[in-house]
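Hi,

Here is the structure I promised to pass on. Have a look at it first, and then read on for what turned up.

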Amino acid sequence: MTEQKSLEINPKTIQNLLEEKKAQIQTALKICAHCTMCAESCFLFMTRDQDPKYMPSYKFINSIGTLYNKKGRVDRDSLNKIRDIVWKDCVLCTRCYCPMGIDIPAMIAHARNICRSQGVVHEFDAS
Amino acid sequence: MHQIYQFVGGPLVWFSLIVFIAGTIHQIHRFFTEFSQKKATPIYKPPGFKKQPPIGWFSKNAIQTRLAMIKDWFSKENRTRNMAMFRATNVFGIHPVMSWTTLIFHVCLVITPLYVLAHNILLDEALGTCFFSWSETLTDGMTFVLLVCGAYFLYRRLFVRRVRAITTLYDYVMLLIAVAPFLTGFLAYHQIYDYQTMVILHILAGELMLITIPYTKFAHMIYFFLQRFFVANEYSFGKGDRRW
């Protein structure tokens, strides 16, 4: 399938998915001290000229964080931006280290689930 | 002025302590019920792994066994592998300035209020007992060190690109709340500006910090230790039988 179906975004589905991991998402967003100690643990950050957008904290705050804070009421553009963060800027290698013990890969994976539920997926075979 | 002082130094202290203690207990409870699940996937066991019998603390050779284990940690064949813990590839090696600054900051944050002479005099008057006190020069110095560390954090938030990328107003407010008790205390002790006002601000700042601990990102005070002991990952101290 190389074309995405044009579906309306269903906030209720997103809210249900967020509800499944509500406690973890809430804790992760609250506990993140924005200390940036996770940055060097991401090889993408280290090899892309230390661009802040590859920091694990940046990634989960701007993907699952956006979805959670907007309570799932996002438009397709936002979802596309989130798709690019969680699929292009992260490979879910789970090497990321957080001094607070936040499970960042779980947050990214959950954001991927939410995107998929709305038909927003990464095109792995795009030319 | 005196009535304000009576109020903030009386009922408001009780209120903030109750919120702090109840909030902490509430967050600990949430950790064990809502936030973390008990281990669902088995931990990988390398081939040839044999589970050791539990050592305990009070059985016959318990203490000797434990002392032998500690001695063994330093033994020649284990030394290289164990010293790798202090290798330069951990966060202290990669970020020495930030790591040491935050360590010193947190030590001063927790220790200073407990052993400041002024606090102990008040405690003694109120409860009859108190902690021992350190010299005022020492606690004054520790407060100053803490303020310098706080200034370093502010510098990072403003001028370090990667920190600025994820900084919001919330972070500045939290830094202010953390530093305010120490700043106002420092100013009050040195009687800079009006002492009466400064002391009331100091008490209010301390109470504000107490009530924000369980319900903002300061909750890392509670969660840090829970996570290190109870959540299985390569950094946990205990056996870690929970996962996020």
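B:Tyr193 is exposed, with 12 other C-beta atoms within 10 Å, and 12 or fewer is what counts as exposed. Bear in mind that this is a predicted model. What caught my eye is the backbone: B:Tyr193 is not a glycine, yet has a positive phi of about 60 degrees. You'll find B:Tyr193 in the loop between α10 (169-189) and α11 of chain B.

Chain A has a residue of this kind too. A:Lys71 has a positive phi of about 55 degrees, and is not a glycine either. A:Lys71 sits in the loop between α5 and α6 (76-88) of chain A. Buried or exposed, then, is A:Lys71? Exposed, with 11 other C-beta atoms within 10 Å.

Now for the contact between the chains. Chain A puts in 22 residues and chain B 21 residues. On the chain A side, the elements giving two or more residues are α2 (22-31) and α4 (56-62), and α2(A) gives the most, with five residues. Sorted by class, that side of chain A has 12 nonpolar, seven polar and three charged residues.

α2(A) deserves a second look. Its buried residues are A:Gln24, A:Ile25, A:Thr27, A:Ala28 and A:Ile31. Why are they on the same side of α2(A)? Because they cover an arc of only 165 degrees around the axis. As a reminder, an α-helix has 3.6 residues a turn, so residues three or four places apart point the same way. As for partners, the buried residues of α2(A) pack against α1 (11-20), α4, α5 (64-69) and α7 (104-117) of chain A, together with α2 and α12 of chain B.

Those two chain B helices also pack on each other. Helix α2 (residues 11-35) and helix α12 (residues 220-230) of chain B meet at an angle of about 35 degrees, their axes 10 Å apart, and the crossing is right-handed. From α2(B), the contact uses B:Thr24, B:Gln27, B:Ile28 and B:Phe31; from α12(B), B:Ile222, B:Tyr223 and B:Leu226. By class, the residues of this contact are five nonpolar, two polar and no charged.

Last, the largest nonpolar core, which has 62 residues. Those touching the most other members are A:Cys38, A:Met55, A:Leu67, A:Val86, A:Ile104, A:Met107 and A:Ala111. Helix α11 (residues 195-212) of chain B gives the most to this core, with seven residues. Leaving aside residues up to four places away in sequence, A:Val86 touches A:Ser63, A:Ile108, A:Ala111, A:Arg112 and A:Cys115.

Cheers

How values were computed:
Residues numbered from 1 in each chain as written. Chains lettered and ligands numbered in written order. Predicted model: local features only at pLDDT ≥ 70, side-chain atom pairs only at ≥ 80, totals over all residues. Contact = placed C-beta atoms within 7 Å. Helix = DSSP H or I, 4+ residues; strand = E, 2+ residues; numbered from the N terminus. Nonpolar A, V, L, I, M, F, W, Y, C, P; charged D, E, K, R; others polar. Axes fitted to C-alpha atoms, helices over the stretch in contact; angles between N-to-C directions. Left-handed = near helix turned anticlockwise from the far one by under 90°. Core = buried A, V, L, I, M, F, W, Y, C linked by C-beta atoms within 7 Å. Buried ≥ 20, exposed ≤ 12 C-beta atoms within 10 Å, placed from the backbone. Arc of directions from axis to C-beta.
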